[in-house]
Amino acid sequence: MPTQHTRARSESHADPHGDVALHVDEAAIEAAKSHTDDGVVTPAYGPWRNDIVRLLNDALATELTCVLRYRRHHFTAQGVASPKIAEEFLVHANEELAHADRLAERIVQLGGEPDFRPESLPERSHSDYDDAANLNEMIRNNLVAERVAIEAYRQMVALVGSKDPTTRRLLEEILAVEEEHADELRDWLGR
Ligand SMILES: [Fe+2]
Ligand SMILES: [Fe+2]
């Protein structure tokens, strides 16, 4: 016996004028009751899980590389010219580490394996490690790395789209922080 609600919906479904176009996929909701071992990944998640996990692992490699670069800059810039910028590098390093943690957590939620292998970090990371000794060079190279991260996250947000709203929101939140980082570094360059 259909409820008032489902009857109204099936009638509107048959509406030749298509006045009501927003329907949830009842079969997909029913299918979500099975495969409980998959945790957050429902059967209708689609064929994208492996691709999204791969994108997230590339982002994880990028963040880990940024942690190493900023931490080295923090310790080597200290006492050279500006203690303030050295502190800024440490703040960024810690924020990149928080990004790495959130990405790894999401990879595990999706049933994937977070890849922390150090030997393949340089190939997998979008941005580069940096050995600069000069403070201005450090700032400039960090700005380049942030711009690379911004472009990579912007593309990932577009690729994930509506396939996985939670992952997209995570990527958007990280993207906003990378934009703040780039903005701060550009200000430092102008000093
Ligand atoms: Fe980051
Ligand atoms: Fe950043």
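Where does Ser125 lie? Ser125 sits in the loop between helix H5, residues 121-124, and H6. I'll come back to that residue. First, the overall picture.

This is a predicted model. The mean pLDDT of the protein is 89. Of its residues, 88% reach 70 or more. Confidence peaks in helix H7, residues 165-189, at a mean of 97. The lowest mean, 45, belongs to helix H1, residues 4-14. Over residues 1-13 the pLDDT is below 50. That stretch has five contacts in the model beyond near neighbours in sequence.

Now the fold. We have seven helices and zero strands. Along the sequence the pattern reads α-α-α-α-α-α-α. The protein has 191 residues, and 27% of them are buried. Take the contacts with a separation of 6 or more: 67% of these join residues 24 or more positions apart.

Next, helix H4. H4 covers residues 83-109. What span should its 27 residues have at 1.5 Å a residue? The expected figure is 39 Å, and the end C-alpha atoms are 40 Å apart, so the two agree. The buried residues of H4 are Ile85, Glu88, Phe89, His92, Ala93, Glu96, His99, Ala100, Leu103, Ala104, Arg106 and Ile107. Note the charged names on that list, including Glu88, Glu96 and Arg106. The cover over the buried residues of H4 includes H3, H6 and H7. Just after H4 comes Gly111, with a positive phi of about 85°.

On to the pairing of H4 with H7. Two packed helices are described by the angle between their axes and the distance between the axes. Here the angle is about 170°, and the axes of H4 and H7 are 11 Å apart. Angles over 145 degrees count as roughly antiparallel, and H4 and H7 are therefore roughly antiparallel to each other. Who meets whom? From H4 we have Ile85, Glu88, His92, Glu95, His99, Arg102 and Arg106. From H7 we have Thr167, Leu170, Ile174, Val177, His181, Glu184 and Trp188. The residues of this contact divide into five nonpolar, four polar and five charged.

Look at the spacing in those lists. An α-helix has 3.6 residues a turn, so residues three or four places apart point the same way.

Helix H6 next, residues 135-160. H6 has 26 residues. From first C-alpha to last, H6 reaches 37 Å, close to the 38 Å expected at 1.5 Å a residue. Its buried residues are Met138, Ile139, Asn141, Asn142, Ala145, Glu146, Ala149, Ala152, Tyr153, Met156 and Val160. These buried residues of H6 pack against H3, H4 and H7. Gly161 follows H6, and its phi is positive, near 45°.

Back to Ser125. Is Ser125 buried or exposed? Ser125 has 24 C-beta neighbours inside 10 Å, and 20 are enough, so Ser125 counts as buried. Ser125 touches Ala61, Thr62 and Thr65, leaving out residues up to four places away in sequence. Leu60 is 65 residues from Ser125 along the chain, yet their C-alpha atoms are separated by 7.8 Å.

Last, a contrasting loop residue. His35 lies between helix H2, residues 26-31, and helix H3, residues 49-77. His35 has 11 other C-beta atoms within 10 Å; the limit is 12 or fewer, so His35 is exposed. His35 is not a glycine, but its phi is positive, about 50°.

Notes:
Residues are numbered from 1 along each chain as its sequence is written. Chains are lettered from A and ligands numbered from 1 in the order in which they are written. This is a predicted model: local features need pLDDT of at least 70, side-chain atom pairs count only at pLDDT 80 or more; totals for chains, interfaces and linings use all residues. pLDDT is the predictor's confidence in each residue, from 0 to 100. Helices (H or I, at least four residues) and strands (E, at least two) are DSSP runs, numbered from the N terminus. Two residues are in contact if their C-beta atoms, placed from the backbone, lie within 7 Å. Axes are lines fitted to C-alpha atoms, for helices over the stretch in contact, and angles run from 0 to 180 degrees between N-to-C directions. Angles under 35 degrees count as roughly parallel, over 145 as roughly antiparallel, 65 to 115 as roughly perpendicular and the rest as oblique. The expected span of a helix is 1.5 Å times one less than its number of residues.
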